[in-house]
Amino acid sequence: MIGTDIRLAAEHLNAGETVGIPTETVYGLAANAFNEAAVVSIFRIKNRPFFDPLILHVRDIEQAKKLVKSFPDKALKLAEAFWPGPLTFLLHKTDVVPDIVTSGSDLVAVRVPSHPMTLALLQEVDFPIAAPSANPFGYISPTLAEHVDKQLGKEVSYILDGGACSIGLESTIINCSTEPYTIARLGGLPKHQIEQVLGEPVAMHLNQNSNPSAPGQLDKHYSPLSKFILSDNLEDTINRHLHEKIVVLNFGDTLVNDSIYQLNLSKRGDLEEAARNLFHFMRLLDQLNADVIIAQSLPEYGLGLAINDRLRRAASK
Ligand code: TXA
Ligand code: MG
């Protein structure tokens, strides 16, 4: 069932059930993080391997502090600047965090989301909410309640409808257990904004297959069912696939023959608009049963870096 009843969503969570929740980044598949059986059902519903840990959502810094051994001053400075918002911290966990949440790691991922309904929900319950993106494992993340309903509607007790996600890309993950801090996942908060607040550079160590110490973020992820190609030169790539049924994910003022079905992430070349449209458009194109989806790569700065990361993983074999 889809609705806007925050009380009802809280009741389901209190009963150990799962609920779809809106955040500013993507929709989450939520459960009581302290209820191990409820957390297990998240993995089951998503068909997610147990080695891929979950993010904990909390209402404020005070609640986050209870989950971690220490919240270093530098991390605190970032939390004060960007929470509520699309930044997730990896910090050393305390024993209150069940091992199943972190897949046995000493680090826990924690963030305060900025969607008003989910912030209100976090006020209603007295536990952190564990929530991965609410999509079947490996598929495109959901940015509308309808996306969650279509794929997981039969499995979750309730979906809290908060409209379209205002950012549309998952949170940026920063590992604060290293010096310098390292970005483990590019996301809705660009790296340069983090560096501006810290006054020092952060490193990049993106989670991937070849980096098993930082699980999740498999090379192949965000994957449509249709064949997906990322292109630096749309015209060239299209010409090589003319004998196939092509659809195009376009960006900016790149001209593509208008006999080819295409969606443009942002005609005016706005990266924030592109991020908001990305997953919805990928889903729409995936429903057309094309032989191949060809996506234009975006400029490599700001949110363009995170968007290209998602497109690259979608195109990964
Ligand atoms: O924006 C977001 O972060 C969304 C919304 C719902 O908050 N959540 C989200 O969760 O994207 P998920 O599960 O789809 O992605 C979480 C990523 C995974 O790549 C996971 O491996 C990583 O965070 N992660 C979580 N806990 C971790 C940990 N303890 N150590 C290393 N990586 C961790
Ligand atoms: Mg995900």
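A polar contact is a pair of N or O atoms within 3.5 Å. Keep that cut-off at hand for the first exercise. The model is predicted.

**Exercise 1. Find which side chains make polar contacts with ligand 1, among T25, H57 and S171.**

Step 1. Start with S171. An N or O atom of the S171 side chain lies 2.6 Å from an oxygen atom of ligand 1. The cut-off is 3.5 Å, so this pair counts as a polar contact.

Step 2. Go on to T25. Its side chain has an N or O atom 2.6 Å from a ligand 1 oxygen.

Step 3. Check H57. Here, too, a side-chain N or O atom is 2.6 Å from an oxygen of ligand 1.

Result: T25, H57 and S171 each make a polar contact with ligand 1 through the side chain.

Now the cover. The protein hides 96% of the 680 Å² of accessible area that ligand 1 has on its own.

**Exercise 2. Describe the shell around ligand 1.**

Step 1. Count the residues. There are 25 around ligand 1, and T25, D52, H57, L107 and S171 come nearest.

Step 2. Sort by class. Twelve are nonpolar, eight are polar and five are charged.

Step 3. Look for strands. β4 (55-57) and β6 (107-111) each give at least two residues to the shell. The largest share comes from β6, with four residues.

**Exercise 3. Work out the order and edges of the sheet of eleven strands.**

Step 1. Read the order. It is β1-β8-β2-β3-β7-β4-β6-β5-β9-β10-β11, in an open sheet with mixed pairing.

Step 2. Take the edges. They are β1 (2-3) and β11 (203-204), each of which pairs on one side only.

Step 3. Zoom in on one pair. β2 (residues 19-21) and β8 (residues 158-160) run parallel, joined by two bridges. V19 stands opposite Y158 of β8.

**Exercise 4. Do likewise for the sheet of four strands, then place helix α11.**

Step 1. Read the order. This open sheet runs β12-β15-β13-β14, and its pairing is parallel.

Step 2. Take the edges. β12 (227-231) and β14 (261-264) each pair on one side only.

Step 3. Note the twist. On average, neighbouring strands in this sheet are turned by 20° against each other, direction ignored.

Step 4. Add the helix. α11 (residues 303-315) packs on the sheet and touches β12, β13 (246-250) and β15. The direction of α11 makes about 135° with that of β12.

Step 5. Check a pair of strands. Five bridges join β12 to the parallel strand β15 (residues 292-296). One partnership links S231 with Q296 in β15.

**Exercise 5. Locate the cis peptide bonds at P84 and P180, and the positive phi of S103.**

Step 1. Find P84. The bond between W83 and P84 is cis, with omega about -10°. P84 sits in the loop between α4 (73-82) and β5 (87-92).

Step 2. Find P180. The bond from E179 to P180 is cis, and omega is near -5°. The loop between β9 (172-175) and β10 (182-185) holds P180.

Step 3. Find S103. Phi of S103 is near 55°, a positive value in a residue other than glycine. S103 belongs to the loop between α5 (99-102) and β6.

Result: P84, P180 and S103 each lie in a loop.

Conventions: Residues numbered from 1 in each chain as written. Chains lettered and ligands numbered in written order. Predicted model: local features only at pLDDT ≥ 70, side-chain atom pairs only at ≥ 80, totals over all residues. Heavy atoms only, no water. Pairing = 2+ DSSP bridges. Axes fitted to C-alpha atoms, helices over the stretch in contact; angles between N-to-C directions. Contact = heavy atoms within 4.5 Å. Near = heavy atom within 4 Å. Polar contact = N/O pair within 3.5 Å; in protein donor to acceptor, adjacent residues only side chain to side chain. Areas by Shrake-Rupley, 256 points an atom, 1.4 Å probe, with all protein chains shown as cover. Nonpolar A, V, L, I, M, F, W, Y, C, P; charged D, E, K, R; others polar.
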